[in-house]
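Student: Hey, can we go through this structure together? I'd like to get my bearings.

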Amino acid sequence: MKAKTFDERSIWWRVGADFLHSRVAVFGLVILALVVLAALAAPWITPQNPYDLMQLDVLDARLHPGTPSSSAGYTYWLGTDGQGRDLYSAIVYGLRISLLVGIGSAAIAAVIGTLVGLLAAYAGGKVDALLMRLVDLLLSFPTILMALMILAYVGKGVGNVVLTLVLLEWAYYARTARGQALVETQREYVEAARGQGIPRWRILTGHILPNCLPPLLVIGALQIARAITLEATLSFLGLGVPITEPSLGLLISNGYQYLLSNEYWISFFPGVALLATIVAINLVGDQLRDVLNPRLQK
Amino acid sequence: MTGWLLRRIAQAALVVVLMTVIVFVGLHAIGNPVDILIGDDMNQQERLEAIARLGLDQPLWRQYLAFVDGALHGNLGKSFVYQEDAIRLILQRLPATMELAVGALVLAIVIGVPLGLFAGMKPEHPVSKALMAASIVGFSLPAFWVALMFIMVFSVQLGWLPASGRGETRALLGVQWSWLTWDGLQHLILPAFNLALFKISLVLRLTRAGVREVLPQDFVKFARAKGLSNARVVVVHVLRNTLIPLVTVLGLELGATIAYAVVTESIFAWPGAGKLILDSINSLDRPVVVAYLMVVVVIFVTLNLVVDLLYKLLDPRVRLEGAR
Amino acid sequence: MSAEVPTLEVRELQTRFHTRAGVLPVVNGVSFTLGRGKVLGLVGESGSGKSVTGFSIMGLVDPPGVVEGGQVLFQGRDLTRLDDEARRSLRGNRIAMIFQDPMATLNPVLRIDTQMMEAVHAHRQVSNAEARQLAAQALARMGIPSPDDRLRAYPHQLSGGMRQRVAIAIALLHGPDLIIADEPTTALDVTIQAQILSEMQTLVRETGMALIWISHDLSVVAGLADEIAVMYAGRIVEHGSVDDVLDHPQHPYTQGLIGSLPSANRKTRQRGARLTQIPGMAPNLLQMPSGCAFAPRCARATAACEAMPDMFRPRAEAPAHQARCFHPGAAARTMEAAA
């Protein structure tokens with residue numbers, strides 16, 4: 001049997017092959033995979049559960065990186081924070097929260113936003129105009145302000161942060177989905193399908209939706225990065241996670257007060273972890289965008 | 001042209017009105033307006049008096065009109081914390097925030113545009129590739145963390161720059177600005193740079209993309225065919241055509257910068273409107289929050305308008321089409 | 001033959017494009033000579049390398065293209081050996097170029113006067129007022145009414161024909177000795193086309209400047225050129241005086257081009273007779289046959305055509321008429337490959 005030529009393979013295979021062309025993107029993907037794996041395997045790869053107050057030893061607070069623990073049997077490779085938390089463990093668990101919030105909010109927002117966008121494209125006319133005005137309004141104001149306002153009214157907590165993120169992000173997906181759907185409806189294959197008597201909603205889900213996925217995927221990747229940064233910022237400002245279960249942002253915030261006494265590691269290492277994650281996601285998202293764009297002509 | 005302008009102003013006014021309705025309704029929907037606009041620590045008698053005074057026993061539409069009336073007269077309530085007019089508080093702090101925002105934008109343009117130009121004209125050069133990689137890191141950086149790192153390196157370890165606060169100011173046009181003094185500048189550098197990092201990356205990428213789009217166009221080749229010097233081709237033809245769409249993006253970014261200044265101001269203890277709003281949210285000083293929202297809405301809408309106008313003025317194709 | 005140095009002498013010019021897919025020999029050994037006051041029509045399909053030849057002479061080939069071989073002698077000086085600044089001072093000054101679409105070649109956000117005055121200032125130290133005057137005069141010479149108003153306008157405010165006249169005016173500002181016109185009338189109406197053609201003819205006669213007119217359309221060039229060079233796949237495949245090439249085409253490609261013209265060869269063809277079409281498609285420069293590039297599409301191709309033909313002189317009565325073919329001529333006469 002003849003081996004398949006490049007063009008004969010499925011579109012996803014080709015996208016994957018093109019993606020892997022960029023060494024930088026592959027690097028990002030590898031880092032991302034490591035981060036996700038670390039977050040998933042958190043309980044098994046960390047010596048301490050930083051959220052369990054019983055495991056913390058206040059006497060071990062603010063120790064330099066590399067200091068061995070006085071009570072437990074392990075070394076604080078990245079030092080400890082003001083409450084005696086092993087920073088390495090705190091970072092890994094913090095990554096969990098970041099990823100959960102980032103991916104979770106992006107996923108929910110994507111679903112809601114895509115539905116709204118497709119609805120606007122399908123309904124057209126006044127409904128479309130109204131929805132898009134709403135989207136424009138939402139998108140024209142800076143996220144951080146809106147986030148602060150919403151959190152001021154609904155209160156702190158991880159759940160509320162997710163809620164806020166979803167409220168702010170769905171508009172991006174809606175606009176992209178609608179735009180892409182409108183482009184697709186002009187295409188010939190939609191006319192052909194209509195000519196065959198296929199009902200409109202089925203055209204929408206079966207034909208148009210799959211073609212909207214590429215740009216949504218790109219937006220999704222970059223939105224996850226934004227969501228993670230936003231959650232970190234909000235936690236840093238004290239509006240996010242509770243103090244006993246710090247995410248990366250809160251860890252950095254906790255370390256602020258010790259900066260002036262040169263105990264830099266409490267803020268430094270969580271920041272590096274955050275940075276690495278976001279850079280990785282952006283690298284992947286960037287390459288996805290480059291790879292998926294010309295394909296949209298298919 | 002004037003027709004278009006009037007229509008846009010009307011649109012802008014409509015958006016402001018819409019926002020006032022949203023804010024007003026929001027106030028009522030979220031909580032008891034009594035608690036929101038009056039302090040929590042008054043006794044029953046004072047509360048009743050306050051309610052009557054503020055007209056909170058009136059029907060909603062009347063209250064809204066009163067609100068608008070007050071807003072037009074510059075009265076949006078008194079801050080609980082400072083016992084001053086909320087709007088005055090904000091306007092007092094605004095210059096400090098503007099300093100940061102404009103400073104950041106200037107830095108972004110001065111650094112980002114030339115670098116983006118280079119990266120666009122010589123995309124295969126190793127420096128260009130390094131710049132692009134750096135730009136991805138640049139807009140991935142969590143601003144608040146970088147701020148802390150800045151303080152750590154430049155203030156604590158090197159001791160070159162102050163860690164917080166705004167420096168001395170000098171008056172210009174009746175307003176106190178700190179960039180007019182050397183001490184003020186020293187205090188301004190770190191926070192402005194912090195705010196600018198994201199923007200520099202953005203401007204760099206946008207400029208590069210713009211240059212790469214403009215460069216292969218025929219008029220660039222024609223300019224060279226006329227025997228123009230390379231410098232002139234780049235600056236007058238390539239850069240100018242690249243910058244026109246860039247200006248609109250930057251204008252809108254100014255608005256976003258003013259908003260994002262919140263985090264930077266809080267870390268550097270910069271006495272701007274952003275820090276005020278953050279403190280007010282934390283201390284539940286709702287009148288200040290409302291006033292801030294209104295000010296920001298007006299600024300945003302104005303910026304949008306100015307940017308649209310600017311684009312029309314800069315691109316003769318757009319400007320003169322309308323005049324035909 | 002006078003001993004005058006020809007305005008332009010191109011010898012074995014090679015320009016290659018280095019793309020990810022491979023190296024494309026876009027200009028593959030092009031040679032010709034152009035004397036003072038003469039017009040050369042450089043004809044070919046898109047992709048034949050005719051435009052890139054023009055750019056190579058000007059030194060305006062953009063990456064990934066590089067001029068890699070040959071010489072371009074302008075009034076005896078080899079342009080390929082000059083440094084950037086020397087070339088720049090010649091461009092727009094002694095050698096000028098006119099492009100195809102004036103809407104694309106004039107910067108849409110700058111006024112006409114800005115774009116003309118900068119061309120003046122590039123080569124002469126004059127005041128702004130003088131530069132503006134020179135610009136206005138140049139426009140007037142091109143027959144553009146109320147030149148001062150036109151100067152203050154933007155490109156999109158002028159009609160297509162007007163824009164091209166502005167572009168030509170810019171090219172003529174410093175009285176160049178050589179003009180390379182790359183399909184300047186393709187984007188214009190037929191009537192404007194005719195006007196501009198005749199104006200160019202007058203110009204050449206009056207000033208003695210040399211002109212290379214690049215086109216894909218033989219009929220446009222027929223009335224204007226003194227000589228015609230036909231390009232195919234980066235090489236010149238036929239070269240001779242306009243009468244020689246049009247009345248007695250030797251290369252099968254040229255014959256195909258002429259045969260597809262409705263107007264040409266009226267004496268040999270009846271009205272209503274079918275137009276011939278050249279079968280096949282334009283060659284892919286990455287997959288060229290080792291011999292004659294036209295062979296895959298040629299009705300006369302034989303085994304001999306697997307070698308690259310030189311430029312032969314198939315007509316004894318017209319020694320200046322050359323064709324790159326082993327089987328040139330109306331009848332299938334065979335040229336033996338040079339030993």
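Tutor: Sure, here is a short chat about some of its chains and helices. This is a predicted model, where local features need pLDDT of at least 70, side-chain atom pairs count only at pLDDT 80 or more, and totals for chains, interfaces and linings use all residues. Residues are numbered from 1 along each chain as its sequence is written, while chains are lettered from A and ligands numbered from 1 in the order in which they are written.

Student: Cool. How many residues of chain A are in contact with chain B?

Tutor: 29 residues of chain A touch 23 residues of chain B; contact here means that the C-beta atoms, placed from the backbone, lie within 7 Å.

Student: And which element gives the largest share on the chain A side?

Tutor: That's H11(A), with 9 residues. Helices here are DSSP runs of H or I with at least four residues, strands are runs of E with at least two, and both are numbered from the N terminus.

Student: What classes of residue are on that side?

Tutor: It has 21 nonpolar, 7 polar and 1 charged residues. Ala, Val, Leu, Ile, Met, Phe, Trp, Tyr, Cys and Pro count as nonpolar, Asp, Glu, Lys and Arg as charged, and the others, Gly among them, as polar.

Student: Switching to chain B, what's in there?

Tutor: Chain B has 13 helices and 2 strands. Of its 324 residues, 39% are buried, meaning 20 or more other C-beta atoms lie within 10 Å of the residue's own, with C-beta atoms placed from the backbone.

Student: Is helix H9 of chain B mostly covered or mostly open?

Tutor: Mostly covered: 7 of the 8 residues in H9(B), 218-225, are buried. Among them are Phe219(B), Lys221(B) and Arg224(B).

Student: What covers those buried residues?

Tutor: The cover includes helices H8 (182-214) and H10 (230-267) of chain B, together with helix H1 (50-58), strand S6 (95-98) and helix H3 (102-105) of chain C.

Student: And what about H12(B), how far does that one reach?

Tutor: H12(B), residues 286-314, reaches 42 Å from its first C-alpha to its last. That is close to the expected 42 Å, which is 1.5 Å times one less than its number of residues.

Student: Last one: what's the strand order in the chain C sheet?

Tutor: The open sheet of 4 strands runs S2-S1-S4-S5, with antiparallel pairing; two strands pair if DSSP finds at least two bridges between them. S2(C) and S5(C) are the edge strands. S4(C) is joined to S5(C) by 2 bridges, and Leu73(C) sits opposite Asp78(C).

Terms used
Contact = placed C-beta atoms within 7 Å. Buried ≥ 20, exposed ≤ 12 C-beta atoms within 10 Å, placed from the backbone.
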